[in-house]
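Subject: Structure for your review

Dear colleague,

I am handing over the structure we spoke about, with its sequence, and below it you will find an account of what turned up when I went through it. Please read the account with the structure open beside you.

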Amino acid sequence: MYDVSFDHDAQLLAIRWHRIFTPEEVVLYTRDVMRQFLAARFRPGYRLMIDMSACGPQPQETLAALAQHMAPFPKASRIAVVAVSAVLRGQVRRVMTQPYMQLFDDAAAARGWVVS
C-alpha cells in the first residue's frame with residue numbers, strides 16, 4: 001500500500017503510495033506513519049516527499065479521512081509531491097495548499113528540490 005523511509009542527514013521523510021486508499025486504510029496509514037515518525041525522532045520542520053506516481057486520484061471519502069487524520073501531524077518545512085497524471089496533479093493542488101509544496105513529474109527532481 002505504501003513505503004516509508006527516513007533520511008536523517010537530509011531530515012527527509014519519503015513516502016511512496018502504491019495504490020488508492022480506502023478511508024479505513026487512512027486511519028491505519030496515519031497511525032503507522034506517526035509511529036515511525038516519532039520512533040525516528042523527527043521534529044517539525046523536516047522535509048517531506050510523497051511519491052504518488054503509482055496511484056491515481058484518491059476518492060473524496062479518502063481525501064476527507066486524510067484531512068482529518070493528518071491534521072495533527074507535525075508540519076514540514078518543504079513538501080515535494082510526485083504526481084504524473086493531470087487529474088491527480090489537480091487534486092493535489094486543490095487539497096495541499098501549502099505555499100512550500102511543489103509538484104514534480106519524477107522522484108529524482110522532487111528529492112533534489114526538497115532537500116536543497
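Two strands are taken as paired here if DSSP finds at least two bridges between them. Please keep in mind throughout that this is a predicted model.

**The sheet**

With that meaning of pairing, the model holds an open sheet of five strands, whose order is β1-β2-β3-β4-β5 and whose pairing is mixed. The edges are taken by β1 (2-7) and β5 (101-104), and because each of these has a single partner strand, one side of each is left without a neighbour in the sheet. From one strand to the next, the twist averages 15°.

Within the sheet, β2 and β3 run parallel and are joined by five bridges, and five bridges likewise join β3 to strand β4 (residues 78-82), again in a parallel arrangement. If you would like residues by which to check the register, R16 has D51 in β3 as its bridge partner, while D51 also stands opposite V82 in β4, and R47 stands opposite R78 in β4.

How much of β3 is buried? Four of its five residues are, so β3 is largely enclosed by the rest of the structure. For β4 the count is also given residue by residue, and four of its five residues are buried, which leaves the strand mostly covered.

**Helices against the sheet**

Two helices can be placed relative to the strands. Helix α3 lies across β4 and β5, and its direction is at about 180° to that of β5. Helix α4 (residues 107-114) lies across β1, β2, β3, β4 and β5, running at about 175° to β4.

**The largest pocket**

The part that may interest you as a computational chemist is the largest pocket, which has a volume of about 580 Å³. Its lining is made up of 28 residues, and those that lie nearest its centre are I50, L66, M70, M96 and Q98. The elements that contribute two or more residues to this lining are β2 (12-17), α1 (23-39), β3 (47-51), α2 (60-70) and α3 (86-95).

What is the chemical character of that lining? The lining residues divide into 23 nonpolar, four polar and one charged.

**Individual residues in the helices**

Is T30 buried or exposed? T30, which lies in helix α1, has a relative accessibility of 7%, and because buried means under 20%, T30 counts as buried. Leaving aside residues up to four places away in sequence, T30 touches H69 and M70, and M70 is also one of the residues nearest the centre of the largest pocket.

R35 is placed in helix α1 as well, but here the relative accessible area is 52%, so R35 is exposed, the threshold for that class being over 50%. The C-alpha atom of R35 is separated by 17 Å from that of Q68, with the two positions 33 residues apart along the chain.

In helix α3 there is V87, which is exposed, with a relative accessible area of 58%. V87 and G56 are 31 residues apart along the chain, and their C-alpha atoms are separated by 8.0 Å.

**Residues in the loops**

P59 is found in the loop between β3 and α2, and with a relative accessibility of 31% it counts as partly exposed. Not counting residues up to four places away in sequence, P59 touches I20 and F21. The C-alpha atoms of P59 and A86, which are 27 residues apart along the chain, are separated by 15 Å.

Two further loop residues deserve a look at their backbone angles. Q11, in the loop between β1 and β2, has a positive phi of about 50° although it is not a glycine, and its relative accessible area of 33% makes Q11 partly exposed. R41, in the loop between α1 and β3, has a positive phi of about 60°, although R41 is not a glycine either, and with a relative accessible area of 66% R41 is exposed.

With kind regards

Note on methods: Residues numbered from 1 in each chain as written. Predicted model: local features only at pLDDT ≥ 70, side-chain atom pairs only at ≥ 80, totals over all residues. Heavy atoms only, no water. 1 Å grid on protein atoms, 1.4 Å probe; cavity = no way out; pocket = protein on both sides within 12 Å on 5 of 7 lines; lining within 4 Å. Points joined across faces, edges and corners; volume = space filled by probe spheres on them. Nonpolar A, V, L, I, M, F, W, Y, C, P; charged D, E, K, R; others polar. Buried < 20%, exposed > 50% of the residue type's maximum accessible area, 1.4 Å probe, protein only. Axes fitted to C-alpha atoms, helices over the stretch in contact; angles between N-to-C directions. Contact = heavy atoms within 4.5 Å.
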